[in-house]
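Here's a quick look at a couple of backbone oddities and one pocket. Have the viewer open and follow along.

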Amino acid sequence: MVHRLPGIIAYCILLCICSRAQTPAGSNDAYAKASRAFALSFSNADSAIVLASDALRLTKKNKNKYDIARIDITLAEILMRQNRLSDALNCLIEANAALSKQNDKDLQDIVNWKLGVVYKHSGDYAKAAPYFKKAIEGFASRQNDSLYLDAGLSFSALYRAIGQPDSSLLVLQKCGRLFVNGLNNNYQLASVEEGLGETYLDMKQWDTSLSHFKTSQAIFTQLGSAPDVAYQLFCIGRVLSRMKQYRKAEGYFFQAYEMSDSLKIYKYLFRTSYEL
């Protein structure tokens with residue numbers, strides 16, 4: 001799952017908006033800039049970073065530690081999209097310090113989760129794992145199923161990166177049970193199906209992997225999430241290629257390439273071109 005920003009940005013901004021009545025009036029400008037930065041991050045990450053940095057500057061001027069942490073998290077997410085991992089890490093360390101005397105355990109565990117993500121992308125898997133575990137345990141203890149699932153998806157990806165698909169599968173199965181227990185979010189459901197497809201692909205269980213990727217493709221198509229659909233097409237092509245069904249695989253790779261080209265998702269274009 002390499003293509004999308006987690007919903008955590010929207011979560012942090014929502015927290016900012018909901019707390020406007022409790023914060024200085026000048027903070028509204030910072031929230032507005034953070035909101036625009038979030039929206040812009042999907043199409044123009046450089047401008048989004050400028051806006052989010054300005055939002056952080058305004059928030060620091062008001063000296064509200066709680067809001068500094070939330071906008072730091074938002075900026076860290078945008079920086080990660082640009083692969084500026086060192087800068088993202090600095091934002092998260094600052095957010096962690098700002099939260100040291102606050103009593104928002106979910107926000108603290110969001111920072112733990114995102115620290116895990118940064119270390120994972122940096123290739124420092126040993127540092128990433130404890131942060132993921134701490135975040136997941138915290139979300140589970142407070143029954144925050146949505147955040148538990150999002151952090152679980154990141155943790156399962158870490159297990160795949162270190163060659164432990166069995167452990168990845170266990171995490172994803174726990175995430176999947178949340179939907180049986182009442183969680184209702186089709187985007188997250190599709191993301192779990194995608195993670196299962198990736199995991200079974202690593203386990204060389206081609207038919208099972210293919211089934212999960214086709215399920216995730218159908219859900220993302222229904223949701224109208226074109227970037228995700230393009231990625232599922234690419235993944236289906238990968239599975240078919242491993243099954244030596246090269247003609248079918250080529251058809252999916254071409255579809256993925258055409259969608260990625262129209263959406264200007266260059267990393268997909270590169271990966272698909274490599275497979276063709």
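## Sorting the residue classes

Before we get to the pocket, here's how the classes work: Ala, Val, Leu, Ile, Met, Phe, Trp, Tyr, Cys and Pro count as nonpolar, Asp, Glu, Lys and Arg are charged, and the others, Gly among them, go down as polar. Keep in mind that this is a predicted model.

## The second largest pocket

The second largest pocket holds about 170 Å³ of space. Helices α7 (125–141), α8 (145–161) and α9 (165–180) are the elements that each give two or more residues to its lining. The largest share, four residues, comes from α9.

Who's in the lining? You'll find Lys133, Ile136, Glu137, Tyr148, Phe155, Tyr159, Ser167, Leu170, Val171 and Lys174 there. Sorted by class, that lining has six nonpolar, one polar and three charged residues.

## Two lysines with positive phi

Most residues other than glycine have a negative phi. Lysine 204 goes the other way, with a positive phi of about 65 degrees. Look for lysine 204 in the loop between α10 (186–202) and α11 (206–223). Its relative accessible area is 60%, so lysine 204 counts as exposed, the cut-off being over 50%.

Lysine 264 also has a positive phi, near 60 degrees, and is not a glycine either. This lysine 264 sits in the loop between α13 (246–263) and α14 (266–275). Buried or exposed, then, for lysine 264? Lysine 264 is exposed, because its relative accessibility is 56%.

How values were computed: Residues are numbered from 1 along each chain as its sequence is written. This is a predicted model: local features need pLDDT of at least 70, side-chain atom pairs count only at pLDDT 80 or more; totals for chains, interfaces and linings use all residues. Side-chain values use heavy atoms; hydrogens and water are left out. Buried means under 20% relative accessible area, exposed over 50%, partly exposed in between (1.4 Å probe, protein chains only). On a 1 Å grid over the protein atoms alone, a cavity is a set of points where a 1.4 Å probe fits but cannot get out, and a pocket is an open set with protein on both sides within 12 Å along at least five of seven lines; lining residues have an atom within 4 Å of a point. Grid points are joined across faces, edges and corners, and a volume is the space filled by probe spheres set on the points.
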